[in-house]
Amino acid sequence: MLYREAGQFKTNYVADSAIFPLREDRIGLAVIILAAYALAFLGNSFVLQAVMIPFLVFSLAAIGLNILTGYTGLLSLGTGAFMGVGAYACYKLMTAFPGVNVIVWIFVSGFFSAAVGALFGLPSLRIKGFYLAVATLAAQFFLQWCFIRIPWLVNYNVSGALDAPLRTLFGIPIMGPNATPQTRYLLVLTIVILLTWLASNLVHGRIGRMWIAIRDMDLAAELMGIRPLQTKLLAFAVSSYYCGVAGALLVFLWYGGAEYDVFNINQSFFILFMVIIGGLGSLIGSFFGAALIFILPIVLGIVLPAALSPFGLSVGADVIEHLRFMIVGALIIFFLIVEPHGLARLWQIGKQKLLVWPFPY
Amino acid sequence: MLYKVFIEPFVFMGEAPDLLIQTLWEGLVSGVLYALIALGFVLIFKASGVFNFAQGIMVVFAALILVGLYEKGVPAFLALILAAVAMLVLAMVVERVVLRPLVNQPDIILFMATFGLTYFLIGFGELIFGGNPREMITEQLFLPQGTTEIDALGGSIRLQHLDVAAAVIASIMIGLLAVFFSKTRIGRALRAVADSHKAALSVGISLNQIWVIVWFAAGMVALVAGIMWGARSGVSFSLQIIALKALPVLILGGFTSIPGAIIGGLIIGVGEKLGEFYWGPLVGGGVETWLAYVIALLFLLYRPQGLFGEKIIERI
């Protein structure tokens with residue numbers, strides 16, 4: 001009875017085209033955001049450091065890939081490399097201009113990865129589908145090679161690794177060894193909310209419509225006056241921007257330091273899993289997908305030994321790791337069979353059911 | 001700089017033709033093996049439109065079963081047969097559990113399903129056989145070993161017997177598949193399905209059976225590829241990276257063409273080795289990891305459907 005459309009009348013076009021037309025939805029969103037901020041003060045540092053920060057970072061990367069794959073219909077397997085470009089650009093900028101606040105550089109580093117992404121998006125006019133996916137693999141392997149072979153990228157650091165220097169905001173360390181999980185979580189949360197809001201506006205506006213038109217039928221879109229190359233390149237650029245920022249957050253606000261290997265092809269695959277499981281062409285799906293793919297293995301690692309111990313079976317860490325792979329693989333197939341439109345579709349069905357409850361339709 | 005890129009390597013090739021031949025030979029051998037892996041992709045893509053990402057792990061899996069069974073005391077050739085049976089079982093299970101429920105879904109969904117299959121097989125394989133790399137049982141399968149040095153062109157060219165055997169076996173395999181596709185009843189049915197699912201169904205070809213057959217055929221190709229790659233570089237899960245190498249081969253040859261896979265494989269194999277040997281040192285080496293992709297990418301800009309791929313004509 002609490003969730004009803006009835007009685008909420010729209011009296012102007014702005015209200016009618018709102019993203020959240022229902023008052024209940026807006027309240028719900030506000031509650032979720034407040035809860036997310038409250039978690040910084042309630043959750044312990046394990047929850048923040050090992051669960052929430054990576055979850056948010058991966059959600060951001062998944063949003064990036066979703067813009068490209070879900071909204072524009074261009075399959076990409078180079079996400080990991082684009083994240084890497086963001087991280088390395090951020091590192092170079094941070095160390096070259098230590099006076100400027102690091103948050104500026106986190107946002108700026110995305111532009112570098114956007115440029116690289118657009119460059120590798122150039123073939124997208126000529127080639128489609130799986131061919132394009134393999135072309136993005138070229139980006140993945142070439143960029144990863146660059147990360148290894150160009151020592152300038154890590155300031156000729158002998159270890160070849162990126163490390164987060166100490167940086168502060170209002171005198172509080174937000175990066176580097178002294179930053180607490182709490183402050184880093186708050187920073188990541190704020191950036192993710194900001195960029196999600198931006199992405200939401202993008203995909204619901206003119207540009208998003210153009211992307212969707214290209215996805216649904218590129219020839220028809222072209223006839224309607226949408227220029228395919230510019231639109232596709234824009235999708236590549238925006239997508240890579242998000243991935244780049246996510247990469248910078250991943251290295252400097254989650255790990256605190258990383259090698260090139262973080263941005264390998266498995267990272268790309270994992271983010272693709274998140275997008276597909278969460279739901280193609282859905283921003284909230286990106287969050288669901290990241291939650292399922294990232295948090296599920298952690299939960300499994302805790303639950304499995306506990307579930308098996310009553311039967312006298314003690315399982316080693318390696319067996320759990322193998323089972324984790326098997327279960328994630330099986331779950332992917334299961335979800336694809338049961339709900340190929342992803343978790344976002346389940347969420348939508350749930351909301352629809354709730355709207356008409358207690359009547360079946 | 002331009003001199004170093006465009007002239008010096010060729011001068012070097014002319015000065016030391018034995019090194020050039022050696023490099024070409026190595027490129028051809030790895031090209032044949034890439035082609036073998038690419039063939040598994042093509043078989044499945046042709047008959048069911050599924051881009052089978054799991055082909056790489058199938059290669060590892062088949063080789064692991066073979067070696068794993070041998071280590072448990074099964075004679076080598078019985079292990080080989082059992083590995084083939086295991087690939088048949090895998091084909092049937094995949095058809096029943098994965099493909100049949102996903103009929104009529106968009107391509108990307110089927111593609112993702114093979115991702116799920118990949119992860120499942122990685123976990124499953126490691127659970128049963130452990131994640132340690134192991135040796136391929138080359139001697140027990142009567143694969144030749146050792147090397148021959150041929151003195152020619154002012155130097156010596158080194159031929160690994162195993163490489164020769166690999167090239168021969170891969171060629172036989174490819175020939176058999178070509179005959180199978182063009183001469184047999186099942187081969188005709190496969191081609192019919194590749195042409196049009198609906199038309200094939202309407203003349204009474206069972207899609208489910210066809211899928212089992214192609215997955216089994218791809219499994220056999222994977223087994224052969226697994227033995228060959230395993231003999232060269234050991235059997236471990238890192239072998240599946242090699243399967244990713246088959247993707248530029250596919251691009252170059254076209255997703256639906258068996259000759260394309262072979263020629264694409266040879267071009268990629270040779271191009272990669274030449275690039276690594278002659279141009280690699282200019283940029284610090286290691287170009288093998290991405291050169292194949294860049295070759296394929298540049299080629300795509302010129303001919304988007306690949307060498308032998310079907311040109312897709314779009315209409316509104």
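This dialogue covers the make-up of chain B, its surface patches and the salt bridges of a predicted model.

Student: What should I know about numbering and confidence before reading this predicted model?

Tutor: Residues are numbered from 1 along each chain as its sequence is written, while chains are lettered from A and ligands numbered from 1 in the order in which they are written. Local features need pLDDT of at least 70, side-chain atom pairs count only at pLDDT 80 or more, and totals for chains, interfaces and linings use all residues; side-chain values use heavy atoms, with hydrogens and water left out.

Student: How many helices and strands does chain B have?

Tutor: Helices (H or I, at least four residues) and strands (E, at least two) are DSSP runs numbered from the N terminus. Chain B has 13 helices and 2 strands.

Student: What share of chain B is buried?

Tutor: Buried means under 20% relative accessible area, exposed over 50%, and partly exposed in between (1.4 Å probe, protein chains only). Of the 316 residues in chain B, 53% are buried.

Student: And how do I read its contacts and its surface?

Tutor: A contact means heavy atoms within 4.5 Å. Among contacts in chain B with a separation of 6 or more, 74% join residues 24 or more positions apart. Accessible areas come from the Shrake-Rupley method with a 1.4 Å probe, and for residues only the protein chains shown count as cover. Chain B exposes about 13700 Å², of which carbon and sulfur atoms supply 67%.

Student: Which residues make the nonpolar surface patch?

Tutor: Patches take residues with over 30% relative accessible area and no salt bridge; like charges are joined within 9 Å and nonpolar side chains (Val, Leu, Ile, Met, Phe, Trp, Tyr) within 5 Å. Here B:Leu78, B:Ile81, B:Leu82, B:Val85, B:Val89, B:Val93 and B:Val97 make a patch of about 560 Å². B:Val97 lies in helix H5 (residues 76–99) of chain B and is partly exposed at 45% relative accessible area.

Student: Which residues form the positive surface patch?

Tutor: Lys and Arg count as positive, Asp and Glu as negative, and His and the chain ends are not counted. The place of a charge is NZ of Lys, CZ of Arg, CG of Asp or CD of Glu. The positive patch consists of B:Lys183, B:Arg185, B:Arg188 and B:Arg191. Helix H8 (residues 185–195) of chain B gives the largest share, 3 residues. B:Arg188 sits in that helix, H8, and is partly exposed, with a relative accessible area of 46%.

Student: How many salt bridges does the whole structure hold?

Tutor: Side chains of opposite charge can pair when their charged atoms come close. A salt bridge requires a side-chain nitrogen of Lys or Arg within 4 Å of a carboxyl oxygen of Asp or Glu. The search finds 3 over all chains. One of them joins A:Lys351 and A:Asp25 at 3.4 Å, N to O. A:Lys351 is in helix H14 (residues 343–356) and A:Asp25 in helix H2 (residues 23–42) of chain A, so the pair ties together parts 326 residues apart in sequence. A:Lys351 is partly exposed at 27%, whereas A:Asp25 is buried at 15%.

Student: What about A:Asp216 and A:Arg215?

Tutor: Their side chains meet in a salt bridge at 3.1 Å, N to O. A:Asp216 is exposed at 54%, and A:Arg215 is partly exposed at 33%.

Student: Is B:Glu95 buried or exposed?

Tutor: B:Glu95 is buried, at 4% relative accessibility, and belongs to helix H5 of chain B. Leaving out residues up to four places away in sequence, B:Glu95 touches B:Arg100, B:Asn208, B:Trp211 and B:Val212. B:Glu95 forms a salt bridge with B:Arg100, with the closest N and O atoms 3.1 Å apart; B:Arg100 is partly exposed at 34%.
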